[in-house]
Every structure is written in structure tokens, then in C-alpha cells.
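Here are some short exercises on reading a protein structure. Try each one yourself, then follow the solution step by step.

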Amino acid sequence: MITIFKNIKIVSVLYFLILILDICIKVNLGDNSFYRYFSKTVLTILLILLFVYNSENILKIKSLFVIAALAFFLIGDIFFIKGSNRVFFGLGMLCFVIGKLFYILKFAHTKDFKLNRLFPILMISLILFLAVMHFILNSLNELYIHVLLYFFVELMVLIFALLRKENVTKKSYIIVFWGAVLAIISDIITGLKTFSIPGFAYEKITIMLFYAISQYFIIRGLVEERNLETINKIN
């Protein structure tokens, strides 16, 4: 059984099959269907197994940050499934913020970085978020601080994903970067759908699709991660 989880291709196929099942349940039975507790839990467990069985030095603290992040995302998913009222929504957002903070801790490196490389993508992201806030601001009410904090942490995830460039292999960097970008797209659609434009951008499909692929890309990229200093020493 363990050898199955060491095979990235098999785990990936299983992951996307379950993702298709989850989207079908969501579209046909609704966001809060009982069956989504199963499908979304299995998705997260597959990501944890993919990471655990295919990463070096899994007991290192930064690897444990990844498992903690996925655990909080799973708890957040459960809150979102439990109901659409604002208490559950706020708790779900809080869990996602904590999960993203663990990703930031994993991505963080002490090496110097160049602000000019960060500026273009951050300006684009900031403009997008300001545009979203313009549409949803009047509907946020007591969730204003939650949403603002969530978007801020999302931007920080993107920043630290960008800062990995000088410390990891190119393949790992690119995959994680696109994972962070897809997460932003998913959150933008979620924000517009929840607070302003119901039915926006085929949200029943796109939110889960972009979210699940973003999580897969991030974990897949972290599995590919190798520190460049270690590689240079070997060479």
C-alpha cells in the first residue's frame, strides 16, 4: 500500500478523479451536500500522503508546517460545508488564514531578495484585490476585517512563493508559483460570488477547480523542492 503513495502519477490520478467527483456532487447536490465531507477529506488526505511519502526529511519542522497547513485547510473546508451562515464562513476563513500562514513559514528563507522582481506581480495582484473589494465592500459588514486579513495573507503567500526563486530548483519554484496564482483566482471568484455576484464565472465549478489545482501544484512543487546550496555542494 505504501508503494502506491510513493508513485506520484498514481496519487495524482486518484486526486483528480476525486476532484471530478467532488465537483459533480457540488453541481448536482449542492455546496453543503453530506457527500462532500467524504470527497473533500479524501482530497486533502491524498495531498498529505503525496507529500509525506515523496519528500525528504519529512520530520523537519518546515515539512511539518505543510502538514499543519493542509490540516487547517481541511478544517476550514468542513466549516464551509457545514453551512453558508456567516459564523461558519468566518471560522472557515480563519482556518484558511492559519493554513496560509503555515505555507508562508514553509516558503520563508533568510536569503536576500530583489524587490524589483516582486513589484510587477504584486502590483497586478493588488489592483485585482482592490477591484474585488470595490465590488464587495458594501456587503462585508462584520466580516470586513476577516476578508481584509484573508486577502493580505493571500498576498503574503504569493510574495514568499516568489522569494523561493533563489533557494530552490526552477521546477519547484514554477509549480509552487502557479499554485499561489491559482489560489488567488479561486479566492477572487469566491469573494465576488459570496458578497456581490452570485453565479459569477461558473463558480460552482471554477472555485473548487482552481482551489484544488492550486493545492495540488503547491504540494507537487514542494515535493520537487531541493535546496540549491545542497545541489551546489554535491556538484
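A residue is called buried when its relative accessible area is under 20%, exposed when that area is over 50%, and partly exposed in between. Keep in mind that the model is predicted.

**Exercise 1. Sort C95 and C24 by their relative accessibility: is each buried, partly exposed or exposed?**

Step 1. Start with C95, whose relative accessible area is 9%. The limit for buried is under 20%, so C95 is buried.

Step 2. Now take C24, at 40% relative accessibility. This value lies between the two limits, so C24 counts as partly exposed.

Step 3. While we are on cysteines, a search for disulfides across the whole structure gives zero.

**Exercise 2. Find the helix that holds K100, decide whether K100 is buried or exposed, and list its contacts beyond four places in sequence.**

Step 1. K100 belongs to helix α5.

Step 2. Its relative accessible area is 7%, so K100 is buried.

Step 3. Setting aside neighbours within four places in sequence, K100 touches F73, Y150, V153, E154, V157, A183 and D187.

**Exercise 3. Describe how α5 packs with α9.**

Step 1. Two packed helices are described by the angle between their axes and the distance between the axes.

Step 2. Helix α5 covers residues 86-107 and helix α9 covers residues 203-223; their axes cross at roughly 25° and come within 12 Å. Angles under 35 degrees count as roughly parallel, so α5 is roughly parallel to α9.

Step 3. The crossing of these two helices, α5 and α9, is left-handed.

Step 4. On the α5 side the contact uses F96, Y103, K106 and F107, and on the α9 side Y211, Q215, I218, I219 and L222. Grouped by type, the residues of this contact are seven nonpolar, one polar and one charged.

**Exercise 4. Do the same for α4 and α9.**

Step 1. The axes of α4 (residues 61-82) and α9 are 12 Å apart, and the angle is about 170°. Angles over 145 degrees count as roughly antiparallel, so α4 is roughly antiparallel to α9.

Step 2. From α4 come V66, L70, F73 and D77, which meet Y211, Q215, I219 and L222 of α9. This contact divides into six nonpolar residues, one polar and one charged.

**Exercise 5. Place W178 in its helix, classify its accessibility, and say how far it is from G221.**

Step 1. W178 sits in helix α8, residues 170-195.

Step 2. Its relative accessibility is 44%, so W178 counts as partly exposed.

Step 3. W178 and G221 are 43 residues apart in sequence, while their C-alpha atoms are 9.5 Å apart in space.

Notes. Residues are numbered from 1 along each chain as its sequence is written. This is a predicted model: local features need pLDDT of at least 70, side-chain atom pairs count only at pLDDT 80 or more; totals for chains, interfaces and linings use all residues. Side-chain values use heavy atoms; hydrogens and water are left out. A disulfide is a pair of cysteine sulfur atoms within 2.5 Å. Buried means under 20% relative accessible area, exposed over 50%, partly exposed in between (1.4 Å probe, protein chains only). Axes are lines fitted to C-alpha atoms, for helices over the stretch in contact, and angles run from 0 to 180 degrees between N-to-C directions. Helices (H or I, at least four residues) and strands (E, at least two) are DSSP runs, numbered from the N terminus. Angles under 35 degrees count as roughly parallel, over 145 as roughly antiparallel, 65 to 115 as roughly perpendicular and the rest as oblique. A crossing is left-handed if the near helix is turned anticlockwise from the far one by less than a right angle, and right-handed if clockwise. Contact means heavy atoms within 4.5 Å. Ala, Val, Leu, Ile, Met, Phe, Trp, Tyr, Cys and Pro count as nonpolar, Asp, Glu, Lys and Arg as charged, and the others, Gly among them, as polar.
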